[in-house]
Amino acid sequence: MKAALKGVLPIVPTPFAKSGEVDEVSLRKVAAHAIEAGAAALVFPGVASEDLYLSAEERRRALGLVADVARGRLPVIAGVNSSDPAEMVEITRMAVEAGADGIMAMAVPGMEGDCGTWFGRIAAAIGEGRPIILQNLFKPRGADLSADEMLALAAEVPAIRYVKEEGIPSGPKVSRLVAGCGPDLDGVIGGGGARYLLEELDRGAMATMPAIELLDLHVALYRAYAAHDRAEALRLYERSLPLLLIQAPYRMRLTKLILKHRGLIECDDVREPLPEMDGELTELVLELYERASLTRELADA
């Protein structure tokens with residue numbers, strides 16, 4: 001992967017059929033939509049893909065499908081997260097075989113203060129030329145590293161080229177990480193569902209990695225910001241916030257509800273245990289989505 005990761009890098013969700021199996025037709029359709037909507041790379045699987053609820057075979061096959069859709073068009077970043085660091089090394093090997101151009105790996109509590117050794121093993125598993133995105137998430141799932149710890153880890157493991165900061169608040173860490181970019185680190189990627197996207201861009205983040213349901217809007221926002229059109233970037237950011245506020249607790253349920261509404265997936269079932277969205281909230285979400293969506297705006301342009 002020669003070009004730097006800049007722009008919007010959406011996490012592709014895992015659609016499930018009513019039978020409970022991965023819906024491969026819908027998965028291909030969502031990946032193709034992301035490319036057409038202006039994604040700079042595709043990420044699969046991530047937390048928003050319900051990665052911990054996929055079997056090893058489901059993960060391998062689904063990643064292969066996403067890589068096949070993106071081949072020759074966009075890079076694919078494979079999430080390799082697990083609570084078991086040894087399993088992360090094995091998943092990394094599988095991801096390379098499945099066609100990943102880079103990987104995203106979370107520092108997890110199971111690394112027990114020895115992140116350098118574990119990330120060194122992950123780097124050895126991906127081989128030359130594929131970058132690692134170090135994902136930093138709060139506990140209990142993540143290790144919640146400080147900015148200085150992340151910079152030291154990047155210096156120790158040359159394959160780590162980016163950090164995706166997921167902490168809340170993210171701003172101060174993003175600033176510290178951006179200040180530390182140089183020979184050991186190429187850039188910082190915003191997370192947290194893009195709820196703090198504008199602040200992260202102001203602080204020097206070069207990319208964002210949100211869920212996929214507002215991809216059109218996030219691409220337009222990023223392009224406006226890059227063109228120094230702050231008024232337009234602010235307008236689009238404000239447009240996204242009501243939905244992202246609801247998304248915080250409902251997460252993949254909201255993502256899949258909107259994707260089904262758009263005809264991109266057949267079923268909006270999730271495997272991860274999440275709060276249910278009742279009929280009243282569903283109606284509000286779809287109303288807010290129609291107000292936020294750029295679909296008609298782009299069609300009329």
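This is a short tour of a predicted model, with one selection to make at each stop.

**Stop 1: the whole sheet**

Show the strands as a cartoon. Eight strands make up an open sheet, and its order is β1-β8-β7-β6-β5-β4-β3-β2, with parallel pairing. Now look for the edge strands: they are β1 (7-8) and β2 (42-43), and each of them pairs on one side only.

**Stop 2: strand β5**

Select residues 132-136. That's strand β5, and five of its five residues are buried. Turn on the side chains here. In a regular strand, the side chains alternate between the two faces of the sheet. On one side of β5 you'll find I132, L134 and N136, while I133 and Q135 are on the other, and both faces are covered.

Which strands pair with β5? Add residues 102-106 to your selection: this is β4, which pairs with β5 in the parallel sense over four bridges. To get from β4 to β5, the chain goes through helix α4 (residues 115-126), a right-handed β-α-β crossover. Try picking A105, whose bridge partner in β5 is L134. Then pick M106, which stands opposite Q135 in β5.

Next add residues 160-165, which are β6. This strand and β5 also pair in the parallel sense, over five bridges. Here L134 stands opposite V163. The route from β5 to β6 runs through helix α5 (residues 147-156), and this β-α-β crossover is right-handed.

**Stop 3: two helices side by side**

Keep α5 on screen and add helix α6 (residues 171-179). Two packed helices are described by the angle between their axes and the distance between the axes. For α5 and α6, the angle is about 35° and the axes are 9 Å apart. The crossing of α5 past α6 is right-handed.

Which residues meet here? From α5, show A147, D148, M150 and L151; from α6, show K173, R176 and L177. Colour this contact by residue type and you get four nonpolar, no polar and three charged residues.

While you're on α6, select V174, which is part of this helix. Is V174 buried or exposed? Its relative accessible area is 1%, so V174 counts as buried. Leave out the neighbours within four places in sequence, and V174 is in contact with E165, V188, E200, R203 and A205. You can also draw a distance from V174 back to L134: their C-alpha atoms are separated by 13 Å, and the two residues are 40 apart along the chain.

**Stop 4: some unusual backbone**

Now for the loops. Most residues other than glycine have a negative phi, and most peptide bonds are trans. Here are some spots to compare with that.

- Select K139 and P140: the peptide bond between them is cis, with omega near 15°. P140 is in the loop between β5 and α5.
- Select I168 and P169: this peptide bond is cis too, with omega near 0°. P169 sits in the loop between β6 and α6.
- Select D144: it isn't a glycine, but its phi is positive, about 50°. Like P140, D144 belongs to the loop between β5 and α5. With a relative accessible area of 37%, D144 is partly exposed.
- Select E112, in the loop between β4 and α4. Its phi is positive as well, near 50°. E112 counts as exposed, at 69% relative accessibility.

**Stop 5: a buried aspartate**

Go to D51, in the loop between β2 and α2 (56-70). D51 has a relative accessible area of 2%, so it counts as buried. What surrounds D51? Apart from neighbours within four places in sequence, D51 is in contact with P45, G46, R59, N81 and R141.

**Stop 6: an enclosed helix**

Finish with residues 252-261, helix α10. Why call this helix largely enclosed? Because eight of its ten residues are buried. To see them, show M252, R253, L254, T255, K256, L257, I258 and L259. Then switch on the elements that cover these buried residues, including α1 (24-36), α9 (230-250) and α11 (279-292). Last, step to G263, which follows α10 and has a positive phi near 80°.

Definitions and conventions
Residues are numbered from 1 along each chain as its sequence is written. This is a predicted model: local features need pLDDT of at least 70, side-chain atom pairs count only at pLDDT 80 or more; totals for chains, interfaces and linings use all residues. Side-chain values use heavy atoms; hydrogens and water are left out. Buried means under 20% relative accessible area, exposed over 50%, partly exposed in between (1.4 Å probe, protein chains only). Helices (H or I, at least four residues) and strands (E, at least two) are DSSP runs, numbered from the N terminus. Two strands pair if DSSP finds at least two bridges between them. A crossover is right-handed if, with the strands pointing away from the viewer, the path from the first strand over the helix to the second runs clockwise. Axes are lines fitted to C-alpha atoms, for helices over the stretch in contact, and angles run from 0 to 180 degrees between N-to-C directions. A crossing is left-handed if the near helix is turned anticlockwise from the far one by less than a right angle, and right-handed if clockwise. Contact means heavy atoms within 4.5 Å. Ala, Val, Leu, Ile, Met, Phe, Trp, Tyr, Cys and Pro count as nonpolar, Asp, Glu, Lys and Arg as charged, and the others, Gly among them, as polar.
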